[in-house]
Amino acid sequence: MNAFEIAPRGLLIGGSWRDRASGGLHVIRAPYDGRVVGQVPFAGASEVREAMDSAVAAFARGTLTPTQRSAILRSAAARVRDRADELARLLALESGKPMAEARGEVGRTATVLEEAAEEARRITGQMVAVDAVPGSEDRIAFTIRAPLGVVGAITPFNGPLLSPAHKVGSAIAAGNAVLLKPASATPLSALELAAALVEAGLPADFLQVVVGSGNEIGDALVDDPRLAMISFTGSTAVGRRIRERLGLRRATLELGGNAPLIVHDDADIEAAARAAVAGAFGYAGQVCISVQRILVQERVRSRFEAAFLPLVEALRVGDPLDESTDVGPMLSEAKALEAEASIEAAVRVGARRLTQPRREGALLWPTVLADADMTLPVVCQEAFAPVVNLHSYGDFDEAIDLANSTAYGLQAGIFTSSLGLALDAARRLQFGGVIVNDTSRYRVDRMPYGGTKSSGLGKEGPRYAIEEMTEERLVVLKGVPA
Ligand code: NAP
């Protein structure tokens, strides 16, 4: 075995793996202890262009049949399942995600590929009754869904395997060629996904993978007019920039969040407290649908705190490879320092800290803040850290107003035993998803998933992503006997 946790793959360009590129070799280190996990060459604008040339040529050669696409995706899913332990360890190492969550991500990755395999075989259009229009009786019309061409996929650090699988799986299922740029901090899992697809029979030029700093190669990728669409997951700031540069070309933008959890006085308070712990502190809060604000009806606030705080204090913080760890490191010490500073700033102006402050390197211990001013960054911006804010509300209308008082709108959760209130909340909460009797963290991958407002545009989940990644084309046949 070499010094790396995993054999280096290199970039996938023009149908073959490259172990050198113009941006030089970059070492990927584990956020927890800085050990070397692997190395990867970084692409520059010239490799992005080459990858695009090859993807365009692959698509022009003709697309794979639905049966071929489905078989490739299914076989890639099986390869992911066969290597589940190895991939989970790689994911935990490069991202700092605790093993239990890493295993969950690997399983979901295989499931997404299987879902995409199923959807590849049911891409259909619809009949359009033009013959019901006077003068059109001799016509018949229907739509087909045509692949777009080359789809660009840009993914964030926090879903190193699953986010690329959503985008690449759906794009391949839809009949497109794909150019993937994974996050430069956690690119190794994405390269393993690409290897699984190629080994499963995907003609290698249908998938190009370029790793490199988004700041340096992002514009070269986005600005290439041959790119038909971008499926982007990442921060709102980068998403806005991409949307502005794309002009009329399509984009699916899965952006930041600031999820609320409403705990009403008629709810199962202990169940809400248990769910809130996992919802707020899973993967050290570095999840777009992490619970960031818990809004508790004032009559049950002390009961909620009594159930919630001991569970938070009991979370084990440490090495993501240790099976007993609940909360691992943040992506870097710099990110942990930034989060710590925003917590301290809130405490300085009156927020009450209900947990013991502690940070060691990239490890930041779970923090609960009470009654912080709603305009503070740690409350109203995306924290993306193991910190959650507790607030009280009086009546239900106030809870809805507080929940909606954010620029974001990805998912929201509400605990209540009233079906009427749950449905009322579902209608009034301005979020892409409203989860009743669980938190915003609930997601299975066949759901239509995507946000409103600053949380983005378009939906993910293979069935919905395939719609985004194909265009509806109308076909009208004239001369049909009336
Ligand atoms: P990020 O900094 O926005 O980066 C996301 C991706 O964009 C990375 O691959 C990055 O490359 C690339 N990038 C950076 N600048 C670019 C540019 N100018 N042009 C094109 N691409 C560029 O986000 P992150 O820190 O990795 O991930 C955390 C964010 O993602 C959070 O805001 C979180 O809420 C969001 N997220 C949203 C969802 C969702 O489904 N809504 C899911 C997961 C995460 P580099 O890595 O090289 O910088």
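A polar contact here is a pair of N or O atoms within 3.5 Å. Keep that cut-off in mind for the ligand stop, and remember throughout that this is a predicted model.

**Stop 1: the ligand**

Select Phe157 together with the ligand. A backbone N or O atom of Phe157 sits 3.1 Å from a ligand oxygen, so the pair falls inside the 3.5 Å limit for a polar contact. Now add Thr155, where a polar backbone atom is 2.8 Å from an oxygen atom of the ligand. Then bring in Ser184: this time the atom belongs to the side chain, and the distance to a ligand oxygen is 2.5 Å. How much of the ligand does the protein bury? On its own the ligand exposes 910 Å², and the protein buries 87% of that.

Widen the selection to the whole shell. You should pick up 30 residues around the ligand, with Ser184, Gly214, Ser235, Leu255 and Glu382 the closest. Colour them by class and you get 13 nonpolar, 13 polar and 4 charged residues. If you would rather look by element, try α7 (214-223), β10 and α8 (236-246), each of which supplies at least two residues of this shell.

**Stop 2: strand β7**

Next, select residues 150-154, which make up strand β7. Is this strand enclosed or open? All 5 of its 5 residues are buried, so β7 is largely enclosed by the rest of the structure. Side chains in a regular strand alternate between the two faces of the sheet. Look for that here: Val150, Gly152 and Ile154 point one way, while Val151 and Ala153 point the other.

Show the neighbours on either hand. Strand β8 (residues 177-181) runs parallel to β7 and is joined to it by 5 bridges, with Val178 in β8 standing opposite Val151. To get from β7 to β8, trace the chain through helix α5 (residues 162-173); this β-α-β crossover is right-handed. Then pick strand β10 (residues 227-233), another parallel partner of β7 with 5 bridges. Here Val151 stands opposite Met229.

**Stop 3: Gln208**

Jump to strand β9 (residues 207-209) and centre on Gln208. Gln208 has 0% relative accessibility, so it counts as buried. What does its side chain meet? One polar atom of that side chain is 2.8 Å from the backbone nitrogen of Gly14. The side chain also makes a polar contact of 2.8 Å with the side chain of Ser54.

**Stop 4: the antiparallel pairs around β6**

Select residues 139-147 for strand β6, then add the short stretch 127-128, strand β5; these two pair in the antiparallel sense over 2 bridges. Val128 stands opposite Ala141 in β6. Now add strand β24 (residues 470-478), which is antiparallel to β6 and joined to it by 9 bridges. Use Phe142 and Val475 as your landmark, since they stand opposite each other.

**Stop 5: the seven-stranded sheet**

Finish with the open sheet of 7 strands. Walk across in the order β14-β17-β18-β13-β12-β20-β21, and you will find the pairing mixed. Which strands sit at the edges? They are β14 (352-353) and β21 (433-436), each pairing on one side only. Zoom in on the β21 end: strand β20 (residues 411-415) runs parallel to β21, with 4 bridges between them. Ile414 stands opposite Val436 there.

Key:
Residues numbered from 1 in each chain as written. Predicted model: local features only at pLDDT ≥ 70, side-chain atom pairs only at ≥ 80, totals over all residues. Heavy atoms only, no water. Buried < 20%, exposed > 50% of the residue type's maximum accessible area, 1.4 Å probe, protein only. Pairing = 2+ DSSP bridges. Right-handed = clockwise from strand over helix to strand, strands pointing away. Near = heavy atom within 4 Å. Polar contact = N/O pair within 3.5 Å; in protein donor to acceptor, adjacent residues only side chain to side chain. Areas by Shrake-Rupley, 256 points an atom, 1.4 Å probe, with all protein chains shown as cover. Nonpolar A, V, L, I, M, F, W, Y, C, P; charged D, E, K, R; others polar.
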